[in-house]
Amino acid sequence: MSRVGLRLVLAAMVLWIWPARGENLYAELYDPQELTRLQAIYSRGWLDNFNHVFLPAMTPEERAGVEAAGLRMELSLPEWEPFGFYSDGRSVTVSVASLKFLDDLSVATAWLDLNNYTLQTVSDYLLMLRTRHLRGDLSPPPKPLAALCIPDDALSNARVNERANRIFDSLVVFVLLHEYGHVFYRHPGNRAVAPEDSRAHEEAADRFALDLLARVGEVPLGVTVFFSVAAQLTENRADFATDAAFERALARRTHPLSPARLQSFARHLTAAAKSYAKGFRVEGQLEAMSVSLQISQFALLLADPGIQRLSAKIGQSVETVDLAPRRSGQSLAPPCNSRPPNGLPFDGFFHGTVVSGTIPFDLDVVLTQDGDQVSGVYSFGAGFARIEDGKVTGDRLVFRWLLAPDNGQGVIVIENGVYKGTWGSGGATGGGGDFSLARSASP
């Protein structure tokens, strides 16, 4: 943010995002020495911005309600990582490790967008994190920037640095002001009240934050990233055996990221949008309306059971090697730093079309051939299927595919430079549909 210049602290409203499940491996995502260095930076930035930007914009009543609020900045809050923040209505506790996690995601979002890559890999990364425990993976999770193939010098580009700052700053400022809204209203901790009361407190704190942001002329652009992160890491309908079980779990949550809450947020931002055009940037009102529209659309997607089931399938099948940057319309790209194709016929990156039933889908395939053995992965947007036990005979490849819980076989034959094939379920190599591929350059 040009006016706030925070790139700093995030206070809390999100204990509901990552419920503790025994040992939390995400608490060890970042090195303590790195967090200690950031702790001083985040603390210094918070004091400067709280005193010089936000307090002057508050009413006397608001100032009296929050000025004495304490801030505890812990290196990590192991029980709640990677979203370690909370308030008891009098003070705020913040995890530096969680701030760093959101900072990294802001950098990744800026670099991918400005280099004309899709942001779907960020969502896939988060879905992968959420489902790791379901797959029995207890290894430390990969850090965001490394997993998403963001170069070490990404912030040396001035445009990327400016965009990353604005995403993170506005994300931080909204959540910070939200939490100070809890302090202003003297809301007790969410565990101390009934879920319905806690949900009402959350909407009140949202309004407090949005109203104050409007006064200083800052559009909360980063909230779209924040709400996206929250949704990807939250259990949804697809994680429960029945809709009734999901509804019961949702009713018990004190901080549900529900379509109703998002729509309320969007309505309040729309109502405040005109104030951005008074004395601030000309584009402020349009930016506010754009964020409101995105949040409204996100609420509709969040209410769609089909989207939730698809997200679960992606999360349960995606691996780190599948997260290389992709161009718009692509479902998969070759892994980062992979070797160039070796010239063998079934080695490299391929693009084409697959038919499932009567419906065609764009298909991206990465194959690795070693002698007459082939392995790989393919995707048409509904998860990532593994190709195993591929065997080449002349211009023909027979393989097994696995997209849990489904599996089957397939065959590809090269005809005049075109890779044509069929696939089937179980022991069949046909009956499921046809596909056609052509060798493609890396994105």
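## The loop between β8 and β9

Proline 405 sits in the loop that connects β8 (396-403) to β9 (406-415). This is a predicted model. In it, the peptide bond leading from alanine 404 into proline 405 is cis, and its omega is near 5 degrees. Most peptide bonds are trans.

The two strands on either side of this loop, β8 and β9, pair with each other in the antiparallel sense, and the pairing runs over eight bridges. Within that pairing, valine 398 stands opposite valine 411 of β9.

## The barrel

Strands β8 and β9 belong to a closed barrel of eight strands. The order is β4-β5-β6-β7-β8-β9-β10-β11, and the pairing is antiparallel. On average, neighbouring strands of this sheet are turned by 30 degrees against each other, with direction ignored.

One strand of the barrel, β7, spans residues 385-393 and contains aspartate 389. The phi of aspartate 389 is positive, about 55 degrees, although the residue is not a glycine. Is aspartate 389 buried or exposed? Its relative accessible area is 53%, and the cut-off for exposed is over 50%, so aspartate 389 counts as exposed.

## Asparagine 337

A positive phi is also found at asparagine 337, a residue other than glycine, where the angle is near 60 degrees. Most residues other than glycine have a negative phi. Asparagine 337 is placed in the loop between α12 (305-317) and β4 (348-356). Because its relative accessibility is 83%, asparagine 337 counts as exposed.

## The disulfide

How many disulfides are there in the model? The count comes to one disulfide. Cysteine 149 and cysteine 336 form it, with an S to S distance of 1.4 Å. The cut-off for a disulfide is a pair of cysteine sulfur atoms within 2.5 Å, so this pair qualifies. A disulfide is a covalent bond between the sulfur atoms of two cysteines.

The torsion about the S-S bond of cysteine 149 and cysteine 336 is about 105 degrees, so the disulfide is right-handed. The pair links distant parts of the chain, as the two cysteines are 187 residues apart. Cysteine 149 lies in the loop between α5 (144-147) and α6 (158-185), while cysteine 336 lies in the loop between α12 and β4. That second loop also holds asparagine 337. Cysteine 336 has a relative accessibility of 28% and therefore counts as partly exposed.

## Tyrosine 86 in β2

Strand β2 covers residues 85-87 and includes tyrosine 86. With a relative accessibility of 30%, tyrosine 86 counts as partly exposed. Which residue does the side chain of tyrosine 86 meet in a polar contact? The partner is the side chain of arginine 72, at 3.3 Å.

Tyrosine 86 can also be placed relative to glutamate 179: their C-alpha atoms are separated by 8.0 Å, and the two residues are 93 residues apart along the chain.

## Valine 216 in α7

Helix α7 runs over residues 195-216, and valine 216 is part of it. The relative accessible area of valine 216 is 5%; the cut-off for buried is under 20%, so valine 216 is buried. The C-alpha atoms of valine 216 and phenylalanine 54 are separated by 7.9 Å, with the two positions 162 residues apart along the chain counted as their separation.

Methods
Residues are numbered from 1 along each chain as its sequence is written. This is a predicted model: local features need pLDDT of at least 70, side-chain atom pairs count only at pLDDT 80 or more; totals for chains, interfaces and linings use all residues. Side-chain values use heavy atoms; hydrogens and water are left out. Helices (H or I, at least four residues) and strands (E, at least two) are DSSP runs, numbered from the N terminus. Buried means under 20% relative accessible area, exposed over 50%, partly exposed in between (1.4 Å probe, protein chains only). Two strands pair if DSSP finds at least two bridges between them. Axes are lines fitted to C-alpha atoms, for helices over the stretch in contact, and angles run from 0 to 180 degrees between N-to-C directions. A polar contact is a pair of N or O atoms within 3.5 Å; within protein, one must be able to donate a hydrogen and the other to accept it, and residues adjacent in sequence count only if both atoms are side-chain atoms.
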